[in-house]
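Biologist: Please set out how the terms applied to this model are justified.
Modeller: Gladly; the model is shown here, and the terms follow one by one.

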Amino acid sequence: MDRICGAVFDKIRSISPVGRYIIIAEDEFLEAFPDGANADGAELDRALTALRNGGYIDVKYSRGDMYCVAALKEYEEEITDEDTQEVGEVIAERRPRVDFVFVSAFLGGALGSLLISLIFAIV
């Protein structure tokens with residue numbers, strides 16, 4: 001995501017929570033553009049299209065200079081090769097987890113079945 005897309009997405013996220021549609025004017029988007037960026041409608045349309053294709057926003061409609069948009073998910077930083085090496089080391093150190101609730105429920109069911117079988121065997 002480039003800096004213009006990031007600025008547009010930050011503007012949407014600052015106004016509404018994830019999943020809520022808002023109506024926002026083109027001028028408000030253009031005010032959020034970073035310094036030195038070409039602030040025009042074509043650049044805004046490109047940024048909104050890139051965000052929509054990336055799954056970050058949903059554009060319900062755009063009429064004139066008004067847009068109805070909603071943020072769909074949070075922006076996640078791109079993972080570089082250096083980050084993946086650190087994550088790989090952390091994952092290698094994890095031990096397999098045991099779900100004690102599942103194990104105790106399974107053993108309780110097995111014990112109950114055993115008791116019922118013994119009662120029917122005796123009677």
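**Terms and values**

Modeller: Of the 123 residues of the chain, 24% count as buried, where buried means under 20% relative accessible area, exposed over 50%, and partly exposed in between (1.4 Å probe, protein chains only). This is a predicted model, in which local features need pLDDT of at least 70 and side-chain atom pairs count only at pLDDT 80 or more, while totals for chains, interfaces and linings use all residues. Residues are numbered from 1 along each chain as its sequence is written, and side-chain values use heavy atoms, with hydrogens and water left out.

Biologist: How do you know where the confidence is highest and where it is lowest in the chain?
Modeller: The pLDDT is the predictor's confidence in each residue, from 0 to 100. Helix α5 (residues 100–122) has the highest mean, 93, and helix α4 (residues 81–93) the lowest, 55. The chain as a whole averages 82, and 81% of its residues score at least 70.

Biologist: What makes a stretch of the chain a helix or a strand?
Modeller: Both are DSSP runs, numbered from the N terminus: helices are H or I with at least four residues, and strands are E with at least two. By that rule the chain has 5 helices and 3 strands, in the pattern α-β-α-α-β-β-α-α along the sequence.

Biologist: Why is Cys68 called buried or exposed?
Modeller: Cys68 has a relative accessible area of 6%, and is therefore buried. Its place is in strand β3. Leaving aside neighbours within four places in sequence, Cys68 is in contact (heavy atoms within 4.5 Å) with Tyr21, Ile22, Ile23, Asp58, Val59, Lys60 and Tyr61.

Biologist: What makes β1 and β3 a pair?
Modeller: Two strands pair if DSSP finds at least two bridges between them. β1 and β3 have 5 bridges, in the antiparallel sense, so the requirement is met. One of the partners of β3 residues is Ile23, whose bridge partner is Cys68.

Biologist: Why is one side of β1 and of β2 left without a neighbour in the sheet?
Modeller: The open sheet of 3 strands has the order β1-β3-β2, with antiparallel pairing. β1 and β2 stand at its edges and each has a single partner strand, which is why one side of each has no neighbour there. The twist averages 25° from one strand to the next.

Biologist: Which helices lie across these strands?
Modeller: α1 lies across β1, β2 and β3, at about 80° to β3, and α3 lies across β2 and β3, at about 145° to β2. Axes are lines fitted to C-alpha atoms, for helices over the stretch in contact, and angles run from 0 to 180 degrees between N-to-C directions.

Biologist: What makes a set of residues a nonpolar core?
Modeller: The set must consist of buried Ala, Val, Leu, Ile, Met, Phe, Trp, Tyr and Cys residues joined through side-chain atoms within 4.5 Å. The largest such core here has 21 residues, and Val8, Phe29, Leu44, Ile57 and Val69 have the most contacts inside it. α1 gives the most to this core, with 5 residues.

Biologist: How do you know that Glu43 and Arg46 form a salt bridge?
Modeller: The term requires a side-chain nitrogen of Lys or Arg within 4 Å of a carboxyl oxygen of Asp or Glu. The closest N and O atoms of Glu43 and Arg46 are 2.9 Å apart, so the pair qualifies. The structure holds 1 salt bridge. Glu43 and Arg46 are 3 residues apart in helix α3, and therefore about one helical turn.
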